[in-house]
Amino acid sequence: MLLTRLQQFAAAHPEHIPPPFFIHSGVHWLIDLDAHGSPVSGLVAELSPISDPGDPSGRHGLPMLVPTVGRTSAVVPLLACDKIEYALGWPDPNDADDERTRARARRYHQAFIDLVCAWADHDPHEPAAQALRAFLTSQAVSHIQPPERFTAGQIVMFRIDGQPAHATASARVFWSLVASKRKSSGAHDRCLVCGTTQPILERAVRSIRPGLIPVVGHDPFSRTERKRGNPAYLVSINHPAQGFNLVTGLRNTPLCETCAESYTGALEHLLQHRDHRRTIGDTAIVWWIVPSDRTRDHALPQSNAPIQLLFQPNPIKIATMLDAPCTGAPVVAGTSHTERFCASTLSNNSARIMVRDWIDIPLPEAEQHVASWFADMLITDPWTSQRRFPSLFRLAIALGRWYPGKNGARGSYALFGAKGAQRPVWIQRELLHSALNGTRLSSAMLAHLLQRVRTDGGFDLTRQALLRLCLTRCHPNHARRLPMALDPDDNTPAYLAGRMFAILESLQYAATRAGGGQLNTTLGDRYFSRAVTSPASALIPAVRGSRAHMKKLQTRDRKAYADFFARNLNDLIGRLRPFPTSLTLYDQGLFLNGYADQRNHDIARARARRLATDDLIPDSATDEATTDADLGPNPEADQTAALEH
């Protein structure tokens with residue numbers, strides 16, 4: 001089905017797919033000839049550079065449609081446009097002293113000449129073929145002066161009377177015949193993609209260029225090791241152990257020439273365009289839209305709404321999508337019900353393309369999966385009261401190491417590929433799979449997040465949203481969705497323990513600020529990591545130490561503050577007894593969720609009260625009738641200031 005959907009995309013976008021056995025590649029050098037095969041520059045032909053090697057945009061040559069075919073160790077020349085070692089018979093300058101290398105280059109060049117001669121014999125009325133044969137057989141190549149800097153793998157093209165020889169209609173027809181004969185198995189069978197009886201290929205036509213698909217197990221953002229990988233095939237069986245019934249080639253995967261070229265060209269086009277490709281860890285995801293079978297003849301729609309929302313969340317569009325599950329209305333983003341959303345995640349593994357995931361579902365269903373993804377991690381920013389929708393990249397980067405800021409500076413996460421980031425590449429792949437398929441997350445995801453929070457102490461809104469997502473999608477009942485704010489009726493011991501730890505932490509901050517001092521070691525620094533796994537071992541000494549904080553507030557005319565914290569602590573202690581001594585993995589997540597909910601709730605209340613207080617202050621700067629003392633105690637404001645600090 002993957003090959004069929006790629007072929008449908010190619011059929012709907014013929015302008016993006018090159019002709020059979022042609023590819024867009026960079027051409028580095030040019031040789032100009034006239035209609036008789038004589039050099040335009042004079043008696044000796046010149047090898048002219050097409051692009052400036054010093055220009056970063058042109059170091060890979062001028063993009064052009066050139067012949068191509070999958071090469072093996074055999075001598076396989078291309079028609080009228082090929083590497084220097086084929087077109088001119090020059091070995092690489094670094095190996096020019098090796099006799100074996102020079103002999104190989106001579107064999108390559110002779111094969112190139114034989115192919116041009118075969119083209120000239122096949123079409124004796126084609127001027128370009130006759131001119132190029134005359135030039136190559138006249139030994140004029142031996143008089144060309146090599147440039148100062150070149151490599152044997154750079155591409156050379158021949159231009160006859162101002163037209164590239166390989167771009168003529170005659171060259172395209174002849175090259176298709178030659179390439180098809182090279183790859184054909186000689187048998188006829190029903191094509192696996194189009195379903196018609198056609199000549200079947202013996203092996204894959206061409207590969208996907210290296211660098212488009214990340215190497216499996218390797219972070220493409222790594223600064224210490226960069227791997228481009230090898231040219232890779234989506235369908236390739238070279239050894240008996242790889243094929244069914246120990247059969248090599250494509251006999252058990254019958255593909256005709258047209259379909260093989262179509263799906264390869266479509267896949268390479270998708271991998272080259274940012275509107276259809278993203279890199280996530282050691283995988284590349286490509287996506288496209290095709291009409292359903294009922295509307296195959298209709299114009300192909302253009303909509304990438306599901307995948308674009310994952311990487312660049314749009315709050316307005318997401319809000320509309322989130323209303324759909326409540327109202328029962330279908331999720332529509334400017335598309336019809338006849339479209340299908342196709343996506344695949346790929347990795348490069350030793351010249352083979354690994355298909356890690358494949359999605360082929362109606363587009364509304366894909367949009368519903370994305371809407372559910374954002375609903376599961378929806379969180380409200382307590383500082384602005386706005387809903388937050390972290391993108392998939394922000395979630396992935398939050399799974400790495402957190403570096404706290406120094407001297408009041410804000411902290412940051414380790415970048416992708418940074419040494420010591422401690423961000424496994426499989427985590428990013430699993431996030432993407434869950435988002436597009438609407439499936440559960442593994443317990444390993446939750447375990448890694450908890451380990452990162454306990455180790456580096458970073459617990460911002462992005463990690464809170466990720467925690468909500470894990471708690472929702474790691475639960476056996478996937479339909480269970482956590483409340484978006486503090487749940488005062490939740491009596492789960494782990495959740496209550498987390499709330500209690502947040503209140504004890506705020507009490508310490510308030511007492512320290514009331515005394516005009518600064519904290520050297522906070523309650524979180526001392527007990528947080530232990531509290532997540534064993535709340536009793538942290539809450540008991542923390543409650544015992546809270547008496548001193550209460551006393552400090554009372555002795556500094558902050559009795560209202562002390563009463564506020566005492567009332568909340570007594571309520572939680574009465575509901576929590578006995579304190580849990582150990583927590584399961586899921587309960588550890590509930591502890592952190594309770595801690596975050598309580599902290600966000602206190603921050604939101606404090607800011608709301610501060611805004612109300614600001615509204616009570618007169619506009620006149622000379623009116624000093626109203627003071628902070630007249631407004632009464634404001635313990636939440638102290639908590640907010642402490643947390644902001």
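**Exercise 1. The chain as a whole**

What share of the contacts in the protein chain with a separation of 6 or more comes from residues 24 or more positions apart? State also how much of the chain is buried.

*Solution.* The structure is a predicted model.
Step 1. Take the contacts in the protein chain with a separation of 6 or more; residues 24 or more positions apart account for 70% of them.
Step 2. Turn to burial: the chain has 645 residues, and 51% of these count as buried.
Step 3. Add the surface: about 30,700 Å² is exposed, and 50% of this area is supplied by carbon and sulfur atoms.
Step 4. List the secondary structure, which comes to 19 helices and 17 strands.

**Exercise 2. A salt bridge between distant parts of the sequence**

Find the partners Arg-5 and Asp-360 and explain which parts of the chain their salt bridge ties together.

*Solution.*
Step 1. Check the distance: the side chains of Arg-5 and Asp-360 form a salt bridge at 2.9 Å, N to O, and the cut-off for such a pair is 4 Å.
Step 2. Place the residues. Arg-5 belongs to helix α1 (residues 2–12) and Asp-360 to strand β13 (residues 352–362), so the bridge ties together parts 355 residues apart in sequence.
Step 3. Look at the surroundings: Arg-5 and Asp-360 are both buried.
Step 4. Extend the view to Arg-340, which is linked with Arg-5 and Asp-360 in a network of salt bridges.
Step 5. Set this in context: a search of the whole structure finds 15 salt bridges.

**Exercise 3. Two salt bridges within helices**

For the pairs Arg-452 with Asp-456 and Asp-571 with Arg-575, decide whether each residue is buried or partly exposed.

*Solution.*
Step 1. Start with Arg-452 and Asp-456, whose closest N and O atoms are 3.3 Å apart in a salt bridge. They stand 4 residues apart in helix α12 (residues 443–456), so about one helical turn separates them.
Step 2. Apply the cut-off: a residue is buried when its relative accessible area is under 20%. Arg-452 has 1% relative accessibility, so Arg-452 is buried. Asp-456 has a relative accessible area of 13% and therefore counts as buried.
Step 3. Go on to Asp-571 and Arg-575, which form a salt bridge at 3.3 Å, N to O. Both lie in helix α17 (residues 559–576), 4 residues apart, about one turn of the helix.
Step 4. Apply the second cut-off: exposed means over 50%, and partly exposed is the range in between. With 40%, Asp-571 is partly exposed. Arg-575, at 28%, counts as partly exposed.

**Exercise 4. A hairpin**

Describe how strand β10 pairs with strand β11, and which residues lie on each side of β10.

*Solution.*
Step 1. Count the bridges: 4 join β10 to β11 (residues 283–291), and the two strands run antiparallel.
Step 2. Pick one bridge: Arg-278 has Ile-285 as its partner in β11.
Step 3. Inspect the turn. The strands form a hairpin with 2 residues between them, and Gly-281 in the turn has a positive phi of about 60 degrees.
Step 4. Recall that side chains in a regular strand alternate between the two faces of the sheet.
Step 5. Sort the residues of β10 (residues 277–280): Arg-277 and Thr-279 are on one side, Arg-278 and Ile-280 on the other. These residues are all buried, and both faces of the strand are covered.

**Exercise 5. A residue in helix α9**

Is Ala-366 buried or exposed?

*Solution.*
Step 1. Locate Ala-366 in helix α9 (residues 363–377).
Step 2. Use its relative accessible area of 3%: Ala-366 is buried.
Step 3. Relate Ala-366 to Gly-438, 72 residues apart along the chain; their C-alpha atoms are separated by 8.6 Å.

How values were computed: Residues are numbered from 1 along each chain as its sequence is written. This is a predicted model: local features need pLDDT of at least 70, side-chain atom pairs count only at pLDDT 80 or more; totals for chains, interfaces and linings use all residues. Side-chain values use heavy atoms; hydrogens and water are left out. Buried means under 20% relative accessible area, exposed over 50%, partly exposed in between (1.4 Å probe, protein chains only). Two strands pair if DSSP finds at least two bridges between them. Contact means heavy atoms within 4.5 Å. Accessible areas come from the Shrake-Rupley method with a 1.4 Å probe; for residues, only the protein chains shown count as cover.
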